[in-house]
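Student: Could we go through this structure together? I'd like to start from the packing and then move outwards.

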Amino acid sequence: FPDGKIDVVFVLGGPGSGKGTQCAKLVNEKGYVHLSAGDLLRAEQNRKGSEYGDLIRQYIREGKIVPQEVTIALLQQAIQEKYSEGATKFLVDGFPRKMDQALTFEEKIARSSITLFFECPEAVMLKRLLERGKTSGRDDDNEESIKKRFRTFLDTSMPVVDYFEEQGKVLKVLCDQPVDEVYRQVTEALKGRGI
Ligand code: UP5
Ligand code: MG
């Protein structure tokens, strides 16, 4: 994509911090296209004939980051498809969560304008995910996987947040509050950047 053709906002935060929930609201009210890297990986995992199904399943259950080639190809395809339908504003949710992904995406696909970062205590996220796990059917919504996801988030994904923070691109929102209050803070923070 030529520089400036598309606007990419990264949405990061721990597992269960509310990324998907807030993105859905931004889609409704601000006209963004929402692409969740996790959702794209789960769809690929379940796609008949996918050569990556087993690999993705293993990584997700272990809370590990799927090799970037797979995830970036899925994202690029999804962005391309929406762009050809006229979309230019993208929320990329749950990505990049490892430094190599951040560098490759910004070099090969597009630079991000902002990173929304959802900060939330682990105890709150654990409670939300265990509750959701009763009905979500997600392989990683069990206590053992959740603990591994927390570890990966701290060790592997926080450095990405720090990297964008150094560039002055991070908008931090505290998420241990009702959905609408979090959303109010999100829109306020975006407004501060003219979005
Ligand atoms: N909820 C939300 N907001 C609330 C609020 N303010 N108050 C009370 N409840 C709230 O929310 C989680 C739950 O909390 C829901 O039940 C919601 O109603 C409630 P949600 O909006 O779904 O939170 P989210 O941050 O999106 O949580 P999610 O579980 O999706 O986060 P993860 O980051 O763990 O999952 P993701 O799908 O992004 O990734 C899954 C796995 O895929 C990763 O662990 C990894 O193995 C793999 N992956 C990669 O390998 N590479 C990638 O680039 C991306 C993913
Ligand atoms: Mg999500």
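Tutor: Before we start on the packing, two residues are in contact here if their C-beta atoms, placed from the backbone, lie within 7 Å. Please keep in mind that this is a predicted model.

Student: OK, which residues does leucine 75 touch, leaving out those up to four places away in sequence?

Tutor: Leucine 75 touches Leu35, Ala37, Leu40, Val92 and Phe95 once residues up to four places away in sequence are set aside.

Student: And which residues touch the most other members of the largest nonpolar core?

Tutor: That core has 41 residues, and those that touch the most other members are Val11, Leu35, Leu75, Phe90, Leu91 and Val92. Strand S1, covering residues 7–13, gives the most to this core, with five residues.

Student: Switching to the ligand, how many residues surround ligand 1?

Tutor: There are 31 residues around ligand 1, and the closest are Pro15, Gly18, Thr21, Gly38 and Gly94. By class, the shell has 12 nonpolar, 12 polar and seven charged residues.

Student: Which helices each supply at least two residues of that shell?

Tutor: Helices H1 (19–30), H2 (37–46), H3 (53–61), H6 (122–136) and H8 (179–192) each do so. Of these, H8 has 14 residues and reaches 20 Å from its first C-alpha to its last, close to the 20 Å expected, and just after H8, glycine 194 takes a positive phi of about 75 degrees.

Student: What about the whole fold: how many helices and strands are there?

Tutor: The protein has eight helices and five strands. Its radius of gyration is 16 Å, close to the 16 Å that the globule rule gives for 195 residues, so the protein is as compact as a globular protein of that length.

Key:
Residues numbered from 1 in each chain as written. Chains lettered and ligands numbered in written order. Predicted model: local features only at pLDDT ≥ 70, side-chain atom pairs only at ≥ 80, totals over all residues. Near = placed C-beta within 6 Å. Helix = DSSP H or I, 4+ residues; strand = E, 2+ residues; numbered from the N terminus. Nonpolar A, V, L, I, M, F, W, Y, C, P; charged D, E, K, R; others polar. Core = buried A, V, L, I, M, F, W, Y, C linked by C-beta atoms within 7 Å. Buried ≥ 20, exposed ≤ 12 C-beta atoms within 10 Å, placed from the backbone. Expected span 1.5 Å × (residues − 1). Rg over C-alpha atoms; globule rule 2.2 N^0.38 Å.
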